[in-house]
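Let's take a walk through a protein model together. Keep the picture open while you read.

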Amino acid sequence: MSRLFIVLLTLMSLSGCVSLNSLSLTQVPKDRSHLISASAYDWVFLGLTSQNYFVEEAINKLKIQCQGGKLTGILTKHQTTAYLLVFKREVVASGYCQKS
C-alpha cells in the first residue's frame, strides 16, 4: 500500500499544467528572413513572488542577437507551468532582426 502511495505521489509531482497568461505581437515586417528568439524563466513556490527579473533577461538575450539592427515583429508569450506546489514562470520572445 505504501509503495503504491509513493508511486502515485511521484507521478503527480512530475506532471504539470501549463497556462498561457499573455500574448502580444508588434507589426510584422515584410522581410522575415532573420528570425531570432530567446526565453527565460524562474521558479516560484506556492505562486508567491514579487520579482520579474527573468523578463529583463529574455529581453537582453533578444537584443544581444540583434546588435546593430532593429527588432520588429516581436511576439512575446508569458506562460506558467504548475507542478503541485511549485510554479515555473516563463517568457518566450521572438522577432525579426532588420539589419541595415
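We'll start with how the model was handled, then visit a hairpin, a core and a pocket.

This is a predicted model, where local features need pLDDT of at least 70, side-chain atom pairs count only at pLDDT 80 or more, and totals for chains, interfaces and linings use all residues. Residues are numbered from 1 along each chain as its sequence is written, and side-chain values use heavy atoms, with hydrogens and water left out.

Find strands β3 (residues 69-83) and β4 (86-99); strands are DSSP runs of E with at least two residues, numbered from the N terminus. β3 and β4 pair in the antiparallel sense over 13 bridges (pairing takes at least two DSSP bridges). Thr81 stands opposite Lys88 in β4. The hairpin has 2 residues between its strands, and there Leu84 takes a positive phi near 50°.

β4 also helps build the largest nonpolar core, as does β2 (35-45): each gives two or more residues. Its 6 members are Ile36, Ala38, Leu62, Cys66, Ala93 and Cys97. Such a core is a set of buried Ala, Val, Leu, Ile, Met, Phe, Trp, Tyr and Cys residues joined through side-chain atoms within 4.5 Å, and buried means under 20% relative accessible area with a 1.4 Å probe, protein chains only. Beyond four places in sequence, Cys66 is in contact with residues including Ile36 and Cys97 (heavy atoms within 4.5 Å).

What about the lining of the largest pocket, by class? There are 8 nonpolar, 3 polar and 2 charged residues. Ala93, from the core, is among those nearest the pocket's centre, along with Ile59 and Val91.

Terms used: Buried means under 20% relative accessible area, exposed over 50%, partly exposed in between (1.4 Å probe, protein chains only). Helices (H or I, at least four residues) and strands (E, at least two) are DSSP runs, numbered from the N terminus. On a 1 Å grid over the protein atoms alone, a cavity is a set of points where a 1.4 Å probe fits but cannot get out, and a pocket is an open set with protein on both sides within 12 Å along at least five of seven lines; lining residues have an atom within 4 Å of a point. Ala, Val, Leu, Ile, Met, Phe, Trp, Tyr, Cys and Pro count as nonpolar, Asp, Glu, Lys and Arg as charged, and the others, Gly among them, as polar.
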